[in-house]
Amino acid sequence: MHRETRAAAHWQEMSACRREDPELFFPIGDTGPSLAQIEEAKTVCRECAVVEPCLQWALASRDTHGIWGATTEAERRRLRLAAIRTAARA
Ligand code: SF4
């Protein structure tokens, strides 16, 4: 849980990012030197016991920035779009 906006989430107390520098999860971009930071943050997420609820929360909260549930903002946009397309085909 690297932001206060997660305060209401019941899974927050199990988040691996509570032990990390919050800045790690907010790279300034998604290219160049930010790539190493993104990968480092995702590594923390992949070891996190609540990665799935975190991702679902972030997908539902469209105004999230940074790394959540081992995804970047751009990756979450693609996941939302894929879900919309899948629902449209059903
Ligand atoms: S998945 Fe990542 S961002 Fe989400 S709670 Fe776990 S460590 Fe934090």
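This passage describes the helices, the nonpolar core and several individual residues of a predicted model.

The nonpolar core is a good place to start. The largest such core in the model has 16 residues, and those with the most contacts inside it are Leu24, Phe25, Ala41, Val44, Cys45 and Ile67. At least two residues of this core come from each of helix H1 (34-46) and helix H2 (51-60). H1 gives the most, with four residues. As general background, nonpolar side chains in soluble globular proteins tend to be buried together.

Helix H1 can be checked for its length and for the way its buried residues are arranged. The 13 residues of H1 should span 18 Å at 1.5 Å a residue, and the end C-alpha atoms are indeed 18 Å apart, so expectation and model agree. Buried positions in H1 are Ser34, Ile38, Ala41, Lys42, Val44 and Cys45. Viewed down the axis of H1, these residues fall within an arc of 155 degrees, and they therefore line one face of the helix. An α-helix has 3.6 residues a turn, so residues three or four places apart point the same way. The partners against which the buried residues of H1 pack are H2 and helix H3 (73-89).

Two residues of H1 deserve a closer look. Valine 44, which is found in this helix, has a relative accessibility of 15% and so counts as buried, the limit being under 20%. Leaving aside neighbours within four places in sequence, valine 44 is in contact with Ala16, Cys17, Glu20, Leu24 and Phe25. Among these partners, Leu24 and Phe25 are also listed with valine 44 among the core residues that have the most contacts. Between valine 44 and arginine 89, 45 residues apart in sequence, the C-alpha to C-alpha distance is 35 Å. Glutamate 39 is likewise found in H1, but at 37% relative accessibility this residue counts as partly exposed. The side chain of glutamate 39 makes a polar contact of 2.7 Å with the side chain of arginine 46. A separation of 27 Å lies between the C-alpha atoms of glutamate 39 and isoleucine 84, which are 45 residues apart along the chain.

The cysteines can be treated together. Cysteine 17 counts as buried at 8% relative accessibility, and cysteine 45 is buried as well, with a relative accessible area of 9%. A search of the whole structure nevertheless finds zero disulfides.

Helix H3 passes a similar length check. Its 17 residues should span 24 Å at 1.5 Å a residue, and the end C-alpha atoms are 25 Å apart, which agrees. In H3, the buried residues are Ala74, Arg76 and Arg80. Around the axis they cover an arc of only 165 degrees, so they sit on the same side of H3. Arg78 and Arg89, on the other side of H3, are exposed. The cover over the buried residues of H3 includes H2.

The loop between H2 and H3 holds threonine 71. With a relative accessible area of 7%, threonine 71 is buried. A polar atom of its side chain lies 2.7 Å from the backbone oxygen of tryptophan 68. Beyond neighbours within four places in sequence, threonine 71 is in contact with Lys42, Leu55, Gly66, Arg76 and Leu79. Two of these partners reappear among the buried helix residues: Lys42 in H1 and Arg76 in H3.

Note on methods: Residues are numbered from 1 along each chain as its sequence is written. This is a predicted model: local features need pLDDT of at least 70, side-chain atom pairs count only at pLDDT 80 or more; totals for chains, interfaces and linings use all residues. Side-chain values use heavy atoms; hydrogens and water are left out. A nonpolar core is a set of buried Ala, Val, Leu, Ile, Met, Phe, Trp, Tyr and Cys residues joined through side-chain atoms within 4.5 Å. Buried means under 20% relative accessible area, exposed over 50%, partly exposed in between (1.4 Å probe, protein chains only). A disulfide is a pair of cysteine sulfur atoms within 2.5 Å. The expected span of a helix is 1.5 Å times one less than its number of residues. The arc is that of the directions from the helix axis to the C-beta atoms. Contact means heavy atoms within 4.5 Å. A polar contact is a pair of N or O atoms within 3.5 Å; within protein, one must be able to donate a hydrogen and the other to accept it, and residues adjacent in sequence count only if both atoms are side-chain atoms.
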